[in-house]
Structures are given as C-alpha cells and as structure tokens.
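User: I am new to this structure. Please show it to me, and then let me ask how its labels are justified.

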Amino acid sequence: MVDVRKIVVVVEEVEAAKTALQWALHNLIRYEDIITLLHVYPSSRSKSKKKARLLRLNGFQLALSFKDICNNFPNTKVEIIVTEGDQEDQVGAKIAAMVREIGASSLVVGLHDHSFLYKLAMAHEDIANNLNCRVLAIKQPHPLPVRKKTNVVTALDSSTNMDFSQIEIARLLVPDITPPKIPYRICPSPTAIIWRSRKSRRK
C-alpha cells in the first residue's frame, strides 16, 4: 500500500514561491501525494469586512494561479487553503499552526529576503521541530553566466546566513521544457565520427 504524503506549499506573491512549487513537482511529489497550497494573508488592522473579504479573494486568486502550474502534472491531487493570520507580523506562526494541523510530512517554501522563516528562526531554535515536518526552502536561482552550467549550489550566501541546520536549502534551476527522448541508434551517424590520422614520422 502506497503511503500517502501531505505536502504543503506556501503560496506567496513572489517568484521564489512559484519556483519552489515547480521544484517540488519535479523532484518531490509522487503518485497519490496530496499537495496543499497554503496562503496566509495578514490580518487587517481595520475592522472593515470589505477589506478582509478583498484580501481573502486576492489570496484565493493567487492560489488558483499556483494550481494552474499543478495542472500541467497529471495525477496530482491539489487542495487550497486560504486563511487569515492572527496579526500582521504573525503570518509565520499561523503557517506553522496550519502545517501541524494538516499533519504535513513536508513543507516547501520559496526562500526570499522577507521570508517568514527568518522570524521563526529567531523565535525558535529548532524550526523543523516547531513545524513537526521536513522543511525544504527553495531559493530563486540568479541568472548564471553562460560558461557556468552548475545548477545546484550548496554554499549559503549572505541572505541565508542564519542558522537553518534543520532546513534543507536547495537552489535548483527547474527546466521549462522537458527535453525530447532521443531514440537509440545501432549505427552512429558517419558525420559524428572523428577520424584521427597518424602523422608520418620524419626520417
């Protein structure tokens, strides 16, 4: 029997969040897994119900744009949760509470300069234990020079110099197009063979 895993992907209005979802779809999600697209919008200081309703609607539309990415992958089970944070600066705490409530096995986050993970790191020494699951923080890759083709960067830069010992930080470039399969040839093309002739020795 296949063990069904619950993978929570944090939905944010930053490119790193979409990159994190694409990374998860290519490298983490397997058949029968359930993807939960979680968006937590900050609590409005005003008591206007209209503003709160607008924030919720915008959050749901953002989550739907993430769901469109998932639709390109067959057999993916997706659910959307849009909820309000307790306070404007407590979005991370709400995400952590929702992740524990869902019973997620993994949390996938797009790591950026204003990520909630930094505030959680300052409040809790062991973030993974606080979230009670595996945490994967995916950093948006910077454009690389043409001569450098390395996609995986293991070193942490200045924006990730905090102690994330319990977090697996990956910086991977997700391919936009799946390369076509090349059929196996029994006989190679004659043009692909490079002939080397021996130089005649001088007497």
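The questions below deal with salt bridges, burial and strand pairing.

Analyst: This is a predicted model, where local features need pLDDT of at least 70, side-chain atom pairs count only at pLDDT 80 or more, and totals for chains, interfaces and linings use all residues. Residues are numbered from 1 along each chain as its sequence is written, and side-chain values use heavy atoms, with hydrogens and water left out.

User: Why is the contact between Arg5 and Asp33 called a salt bridge?

Analyst: A salt bridge needs a side-chain nitrogen of Lys or Arg within 4 Å of a carboxyl oxygen of Asp or Glu. For Arg5 and Asp33 the N to O distance is 2.6 Å. That is within 4 Å, so the label applies. The pair links distant parts of the chain, 28 residues apart. Arg5 lies in the segment before β1 (6–10), and Asp33 in the loop between α1 (15–27) and β2 (34–41). Those helices (H or I, at least four residues) and strands (E, at least two) are DSSP runs, numbered from the N terminus.

User: What makes Asp33 count as buried?

Analyst: Buried means under 20% relative accessible area, exposed over 50%, and partly exposed in between (1.4 Å probe, protein chains only). Asp33 has 0% relative accessibility, so it counts as buried.

User: Why does Arg30 count as partly exposed?

Analyst: Arg30 has 40% relative accessibility. That value falls between the two cut-offs, so Arg30 is partly exposed. Arg30 also forms a salt bridge with Asp33, at 3.8 Å from N to O. Arg5, Arg30 and Asp33 are thus linked in a network of salt bridges.

User: How do you know that Glu32 and Lys77 form a salt bridge?

Analyst: Their closest N and O atoms are 2.8 Å apart. The cut-off is 4 Å, so the pair qualifies. Glu32 sits in the loop between α1 and β2, and Lys77 in strand β3 (residues 77–84), 45 residues apart. Glu32 is partly exposed because its relative accessibility is 21%. Lys77, at 42%, is partly exposed too.

User: What makes β1 and β2 a pair of strands?

Analyst: Two strands pair if DSSP finds at least two bridges between them. Here 5 bridges join β1 to β2, so they pair, and they run parallel. Val9 has Leu37 in β2 as its bridge partner.

User: How do you know that β2 pairs with β3?

Analyst: β2 and β3 share 8 bridges in the parallel sense. The rule asks for at least two, so they pair. Val40 has Thr83 in β3 as its bridge partner. β2 is mostly covered, with 7 of its 8 residues buried.
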